[in-house]
Amino acid sequence: MKNNNNLFFVCSLIEYIARKTKNRRSDIVIQLGNDIQQIYEYADVFHCEPIEKVADDFIQKAAISEGDYDNLINCKYAVPDYWDIGEVFARLIEDCYEEEDVINGIKEVYRSWLADQILMFNSDLYYQSRDYIAACYREGELLLA
């Protein structure tokens, strides 16, 4: 399931919505609920519109309110954009879940301990190879390099 464009869009949208509303990514996944399936299935259509509009539509539909979680405020270095982080999460899901289980994979990965580790942008975890990140996820801990 390498290079799943629909998955990449879903993960990037989750990242965008979370940053815009200052919520944890896991909370966004929970609040979107079954809409994740719709976003995944119709990502090629949603992708034709600006991500800002798609995000606003789903923020309104899911009644996602402003939170107080901001993992960007204390970053000492350049913050990767939502497309970059969406790609990290999409690759992790691709590497750990079969295509028929991708929606469950989205829910599991974003609720995992590793999601918060990836989102600590003062570390270099999100820059690590996809194989390393997937191995850490499978083992349930950060592995020594």
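How many helices and strands does the protein have? The count is nine helices and zero strands, with both kinds of element taken as DSSP runs numbered from the N terminus (H or I, at least four residues, for helices; E, at least two, for strands). Along the sequence that reads α-α-α-α-α-α-α-α-α. Keep in mind that this is a predicted model, where local features need pLDDT of at least 70 and side-chain atom pairs count only at pLDDT 80 or more, while totals for chains, interfaces and linings use all residues. Residues are numbered from 1 along each chain as its sequence is written, and side-chain values use heavy atoms, leaving out hydrogens and water.

Let's take the overall shape next. The C-alpha trace spans about 40 × 35 × 25 Å along its principal axes. For 145 residues, a compact globule would have a radius of gyration near 15 Å, and the 14 Å found here agrees with that; the radius is taken over C-alpha atoms, and the globule rule is 2.2 Å times the number of residues to the power 0.38. Buried residues make up 46% of the 145, where buried means under 20% relative accessible area, exposed over 50%, and partly exposed in between (1.4 Å probe, protein chains only). If you count contacts (heavy atoms within 4.5 Å) between residues at least 6 apart in sequence, 75% of them join residues at least 24 apart.

On the outside, the protein exposes about 7,800 Å², and carbon and sulfur atoms supply 47% of it. Those areas come from the Shrake-Rupley method with a 1.4 Å probe, and for residues only the protein chains shown count as cover.

Now zoom in on Thr-21, in helix 1 (residues 5-21). Thr-21 has a relative accessible area of 3%, so it is buried. Its side chain reaches the backbone oxygen of Ile-17 at 2.8 Å. The side chain of Thr-21 also makes a polar contact with the side chain of Asn-23, again at 2.8 Å. (A polar contact is a pair of N or O atoms within 3.5 Å; within protein, one must be able to donate a hydrogen and the other to accept it, and residues adjacent in sequence count only if both atoms are side-chain atoms.) Setting aside neighbours within four places in sequence, the contacts of Thr-21 include Ile-28, Ile-59 and Gly-67.

Helix 2 (residues 25-32) holds Arg-25. Is this arginine, Arg-25, buried or exposed? Arg-25 counts as buried because its relative accessibility is 3%. Beyond four places in sequence, Arg-25 is in contact with residues including Ile-14, Tyr-69, Tyr-110 and Leu-119. Its side chain makes a polar contact with that of Asn-71 at 3.2 Å.

Follow that contact to Asn-71, which sits in the loop between helix 5 (51-61) and helix 6 (82-96). Asn-71 is buried too, at 14% relative accessibility. Besides Arg-25, Asn-71 touches Leu-119 and Phe-121, not counting residues up to four places away. The side chain of Asn-71 reaches the backbone oxygen of Leu-119 at 2.9 Å. The C-alpha atoms of Asn-71 and Asp-116 are 9.4 Å apart, with their positions 45 residues apart along the chain.

Finally, go to Trp-113 in helix 8 (residues 113-118). With a relative accessible area of 32%, Trp-113 is partly exposed. Leaving out residues up to four places away, Trp-113 touches Cys-136, Tyr-137, Gly-140, Glu-141 and Leu-142. Its C-alpha atom is separated by 25 Å from that of Ala-55, 58 residues away along the chain.
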